[in-house]
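The following exercises are to be worked with the sequence and the model at hand. Each task is followed by a solution in steps.

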Amino acid sequence: MTINPEQLLELALNSGTEAAEVYASSSVSRPVFFEANRLKQLESIDSEGVGLRIWKDGKVGLAIAYGAVEPEDLVQQAITLSALNEPEEILLRESTVADYPKLYGQEVTVEQMVDWGKQAIAQVLDHYPEAVCGADWDCGRETVRILNSKGLDCGYTDITVDGSLSAELTRGDDFLNVWYGQSERGNLPPEAIAKKVLQYLDWAKKNAPAPSAKSPVIFTGKAADLLWGVVAIAMSGRQVQQKATPWLDKTGQPVISDIFTVTQHPNFGVYSSPFDDEGTPTQEITWIDRGILQGFYGDIRTCKELGIKATGNGFRGDLGNYPSPGLFNLEIAASQTIQGDILELAATLKNGLIVDQVLGDGMDLSGDFSINVDLGYRVKNGKIIGRVKDTMLSGNVYTALNHVVAVGSDRQWHGSLYVPAMIVEGLSITSR
């Protein structure tokens, strides 16, 4: 049987538990796949699951189920698992934000997504008839509900549309693959995605030698995600608890270039959310203000153990995980920008490298990295003159973010990060 959340919560409390929480999630996805310039398949993916977290004799247990399950079995499973754990304090949210949208986004039909995929591919083939294109469009609807024994009951439905386009070109021994994707809550026309892919293909018409070892590097918004991803981990309260973050004692001190301010905006963009996966209201918080670290984020337990106010950053990843610190809707803003994006940044350089796609992230909390440039371009005298091959980039994330010399005014969403392109100095470029 499909589980009723209220019934499951009541059953758990009647089974001798001190506290309980039910996290119910259902999703419907209708992806459309194009391969080798043609529609390959349509899918329909429906899933429904529930996570039950209980405390019995002070010990916590988490049991999950997908689809039909007997609620009694789930309660017994959670109780059995709790016996394996050490006692811990019951920390559950008592109330949540009351006034918030129950529905985000709009449905898009499969027929519309098929049409968009065809249009995106046609726009590339008009200019590059030899290209082999793939496209994915997907409209997903996810409904979440959280109930607990302290009276919390909240939930909403989120509809997102994801679209991406890739193009492959083979010229003798030379293989090129470019891709670009976007997400929206509703209409996601293909023009902007196809335009970006065409721009990348145009820049790659010729191959060019990589610039010298210490030339400036332009990170596109897509590639800059690599650097900011490390920053996001460094600000996690979990890393503070483990004394793993290099920013452990840096609150109130400069950690990156003073042109940057890093803010979480709960009500902005395609990944906005009224509360986290524990029912804590999400908040607008500036994590880094003009380069100075303001604090760390966490779930309820992490924040309490660190002695900081709950920030609304407890997320699960999936049903089988306990809430843990996570960031969302991170906006990177710069106090000084160059009007425009990659072209305008390139125009300021005599020599440089543009990095858009890399192979392997190779980045950890130390910040040190050495990555292969999968898609990069050479800049000479302010112009993009061709694609670079067999090139590696190495350096340190924290050092790089203190050596940013220019930032573009245009910003794009990459995952839940709203980020501009930027020029970094001091990285090491090596090529064969």
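**Exercise 1: Helix α4**

The buried residues of α4 are Ile193, Ala194, Lys196, Val197, Leu198, Tyr200, Leu201 and Trp203. Here buried means under 20% relative accessible area, exposed over 50%, and partly exposed in between, with a 1.4 Å probe and protein chains only. Helices (H or I, at least four residues) and strands (E, at least two) are DSSP runs, numbered from the N terminus. The model is a predicted one, in which local features need pLDDT of at least 70 and side-chain atom pairs count only at pLDDT 80 or more, while totals for chains, interfaces and linings use all residues. Residues are numbered from 1 along each chain as its sequence is written, and side-chain values use heavy atoms, with hydrogens and water left out.

Task: Compare the span of α4 with the value expected at 1.5 Å a residue.

Solution. Step 1: the expected span is 1.5 Å times one less than the number of residues. Step 2: for the 13 residues of α4 this gives 18 Å. Step 3: the end C-alpha atoms of α4 are 18 Å apart, which agrees.

**Exercise 2: Helix α3**

Task: Determine where the buried residues of α3 fall when seen down its axis, and identify the elements they pack against.

Solution. Step 1: α3 covers residues 110-127, and its 18 residues should span 26 Å; the end C-alpha atoms are 27 Å apart, which agrees. Step 2: the buried residues are Met113, Val114, Trp116, Gly117, Ala120, Ile121 and Val124. Step 3: these buried residues fall within an arc of 165° (taken from the directions from the helix axis to the C-beta atoms), so they line one face of α3. Step 4: an α-helix has 3.6 residues a turn, so residues three or four places apart point the same way. Step 5: Glu111 and Asp126, on the other side of α3, are exposed. Step 6: by contact (heavy atoms within 4.5 Å), the buried residues of α3 pack against β2 (32-35), β3 (38-42), β7 (132-148), β8 (153-171) and α4 (191-203).

**Exercise 3: Positive phi values**

Task: For Arg290 and Asn329, state phi, and decide whether each residue is buried or exposed.

Solution. Step 1: phi of Arg290 is near 50°, a positive value in a residue other than glycine. Arg290 belongs to the loop between β12 (285-289) and β13, and counts as exposed because its relative accessibility is 55%. Step 2: phi of Asn329 is likewise near 50° and positive. Asn329 sits in the loop between β15 (324-325) and β16 (330-334), and is buried because its relative accessible area is 1%.

**Exercise 4: Cysteines**

Task: Establish how many disulfides the whole structure holds, and why Cys303 forms no such bond.

Solution. Step 1: a disulfide is a pair of cysteine sulfur atoms within 2.5 Å. Step 2: a search of the whole structure finds zero disulfides. Step 3: the closest cysteine sulfur to that of Cys303 is in Cys154, 17 Å away, and therefore too far for a bond. Step 4: Cys303 is buried, at 1% relative accessibility; Cys133 is buried, also at 1%.

**Exercise 5: Confidence**

Task: Identify which elements have the lowest and the highest mean pLDDT.

Solution. Step 1: pLDDT is the predictor's confidence in each residue, from 0 to 100. Step 2: the protein averages 94, and 99% of the residues score at least 70. Step 3: helix α5 (residues 221-234) has the lowest mean, 92, and strand β13 (residues 292-293) the highest, 98.
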